[in-house]
Amino acid sequence: MKITSSRFQRLLYRHNIRGDDQKLLIRFLLICMFIAILLLISSLLAWAFEHRGMEGNSIRSFWDGIWWAIVTIATVGYGDKFPVTYPGRLVGIILIIVGYSSLSFFTGMIASLFVENRLKGAKGLKQIKTHNHIVICGWNKTADFFLKALVEKNVTETDICIVVNEPPDFFERVESRYPTLSLEYVRGEVSQEETLKRASVDTANQVIILADEQLEHNITDDHSIIVANAVRYLTRKDKITVQLVNPENRSLLERIGIINIIVWDDIGGYILANSVADINFLAVFCQLAQDKQNHLLTQKIPTEFIGKSFGELSDYYYKECGYLLLGLLAKEPELELSAIFTDDSSGIDQFIQYALAKSQKTLPEEKSNVRWKPDRHSQLQINDYAILMV
């Protein structure tokens with residue numbers, strides 16, 4: 001019994017069913033079990049009493065009893081099967097009273113589940129249960145423009161979870177501005193692991209950590225780095241994007257393996273510098289960023305082109321897909337501790353794994369290298385990604 005219970009608990013945890021949801025599910029299963037047992041006992045008794053009853057009885061088999069019990073408890077009342085003996089009718093009376101009460105409780109509980117789930121969602125207390133969604137940690141003007149850009153680019157099918165420590169009316173205002181987006185809301189401090197788990201950060205496709213503009217300027221990045229550290233242990237580093245206000249803090253994130261870092265002043269400086277060299281650069285850059293059809297895309301090169309030349313791959317993309325190959329992105333595969341030390345590792349391996357985790361030292365981080373318009377005869381490597389204009 002204990003083994004079955006522990007397996008059931010593991011199954012619930014595997015599907016992220018915890019707390020109140022776990023209690024409601026157990027209550028739901030118990031009521032279903034009670035109704036099933038009630039139907040089974042009533043069917044057996046009705047069949048036993050009616051099987052030997054007077055001539056012309058309609059319940060002549062166990063399945064007749066099952067049919068009669070279900071029709072009775074559902075208050076359908078077909079009238080094709082019914083007890084004619086006194087004991088059989090007594091079973092019917094008990095089934096009607098107990099079954100009707102149980103069924104009413106069952107339907108009421110189902111309705112309350114939906115209402116409670118809706119209320120918890122409105123308050124930002126619901127556990128988000130989705131995959132490949134986008135999690136936005138924090139809120140500032142960038143988030144507003146980000147959602148606006150998604151609407152303009154028709155990226156409306158992806159679920160977006162906003163994690164903020166703001167009251168429900170804040171989310172209602174955001175939701176009303178972007179009715180075509182699939183928005184979810186988790187209320188809580190973004191640096192807390194419990195809040196991040198409610199947003200299902202571990203199953204998210206992207207986690208965007210925004211600079212908290214309500215904090216003082218000199219500690220804004222400190223808060224973002226703390227949040228990035230908390231998120232880093234819940235999901236892969238290449239899925240995390242962090243917004244900083246001071247470019248000097250970039251190295252603090254790079255040390256923990258986060259390479260997707262946005263510093264608007266930093267990027268703006270380079271854009272202006274390029275505009276000095278070409279007065280049309282800013283207009284072209286803005287047009288590319290805002291364009292609904294054309295955009296840049298990185299894609300793993302087809303395996304059959306590994307070892308072949310850049311020119312052959314360029315011709316393939318242009319002729320077969322209509323894409324323009326602009327360059328190559330070389331990505332070294334990231335090594336995680338779990339990939340080296342398996343569950344059946346020896347005690348020495350476990351000690352090394354524990355020591356590395358405790359010292360917060362990581363194995364060599366992922367490195368990327370972009371090569372724009374390489375020579376047509378450049379040989380393609382297994383870790384190359386194509387940079388495409390699509």
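This tour moves through the predicted model from one selection to the next and states what is found at each stop.

The model is predicted, so local features need pLDDT of at least 70 and side-chain atom pairs count only at pLDDT 80 or more, whereas totals for chains, interfaces and linings use all residues. Residues are numbered from 1 along each chain as its sequence is written, and side-chain values use heavy atoms, with hydrogens and water left out.

**The surface of helix H2**

Select residues 19–51, which form helix H2 and include phenylalanine 49. Helices (H or I, at least four residues) and strands (E, at least two) are DSSP runs, numbered from the N terminus. Now highlight Leu30, Met33, Ile37, Ile41, Leu45 and Phe49, which form a nonpolar patch on the surface with about 540 Å² of accessible area together. Patches are made of residues with over 30% relative accessible area and no salt bridge; like charges are joined within 9 Å, and nonpolar side chains (Val, Leu, Ile, Met, Phe, Trp, Tyr) within 5 Å. Accessible areas come from the Shrake-Rupley method with a 1.4 Å probe, and for residues only the protein chains shown count as cover. Phenylalanine 49 counts as partly exposed because its relative accessibility is 34%; buried means under 20% relative accessible area, exposed over 50%, and partly exposed in between (1.4 Å probe, protein chains only).

**Two asparagines in loops**

Most residues other than glycine have a negative phi. Select asparagine 132, where phi is positive, near 55°. Asparagine 132 sits in the loop between helix H4 (86–123) and strand S1 (134–137), and it is exposed, with a relative accessible area of 54%. Next select asparagine 154, which has a positive phi of about 60° although it is not a glycine. Its place is the loop between helix H5 (141–152) and strand S2 (159–164), and asparagine 154 is exposed at 61% relative accessible area.

**Cysteines**

How many disulfides are there? The count is 0, a disulfide being a pair of cysteine sulfur atoms within 2.5 Å. Select cysteine 161 together with cysteine 137: the sulfur of cysteine 137 is the closest cysteine sulfur to that of cysteine 161, but at 8.2 Å it is too far for a bond. Cysteine 161 is buried, at 1% relative accessibility, whereas cysteine 286 is partly exposed, at 30%.

**Strand S3 and helix H9**

In strand S3 (residues 182–187), select valine 186, which is buried with a relative accessible area of 0%. Add lysine 197: the two residues are 11 apart in sequence, and their C-alpha atoms are 9.9 Å apart in space. Then move to leucine 252 in helix H9, a partly exposed residue at 33% relative accessibility. The C-alpha atom of leucine 252 is separated by 9.7 Å from that of aspartate 222, 30 residues apart along the chain.

**Salt bridges**

Side chains of opposite charge can pair when their charged atoms come close. The model has 10 salt bridges, each a side-chain nitrogen of Lys or Arg within 4 Å of a carboxyl oxygen of Asp or Glu.

- Select arginine 236 and aspartate 238: their closest N and O atoms are 2.6 Å apart. Arginine 236 is partly exposed, at 46% relative accessible area.
- Select arginine 250 and aspartate 266, whose side chains meet at 2.7 Å, N to O. The pair links distant parts of the chain, with arginine 250 in helix H9 (residues 250–254) and aspartate 266 in helix H10 (residues 264–277), 16 residues apart.
- Select aspartate 315 and arginine 376, whose salt bridge is 3.1 Å, N to O. The pair links helix H12 (residues 310–321), which holds aspartate 315, to the loop between strand S9 (368–372) and strand S10 (384–389), which holds arginine 376, 61 residues apart. Aspartate 315 is partly exposed at 33%, as is arginine 376 at 44%.

**Aromatic rings**

The whole structure contains 9 aromatic pairs. Rings of Phe, Tyr and Trp (its six-membered ring) pair if their centres lie within 6.5 Å; planes under 30 degrees apart count as stacked, over 60 as edge-to-face and the rest as tilted. Select Phe305, Tyr316, Tyr317 and Tyr323, which ring pairs link into a cluster.

Add lysine 308, which lies over the face of phenylalanine 305 at 5.3 Å from the ring centre. A charge sits over a ring if NZ of Lys or CZ of Arg is within 6 Å of the ring centre and within 35 degrees of the ring normal. For the final stop, select arginine 232 and tyrosine 233: the arginine lies over the face of the tyrosine, at 4.9 Å from the ring centre.
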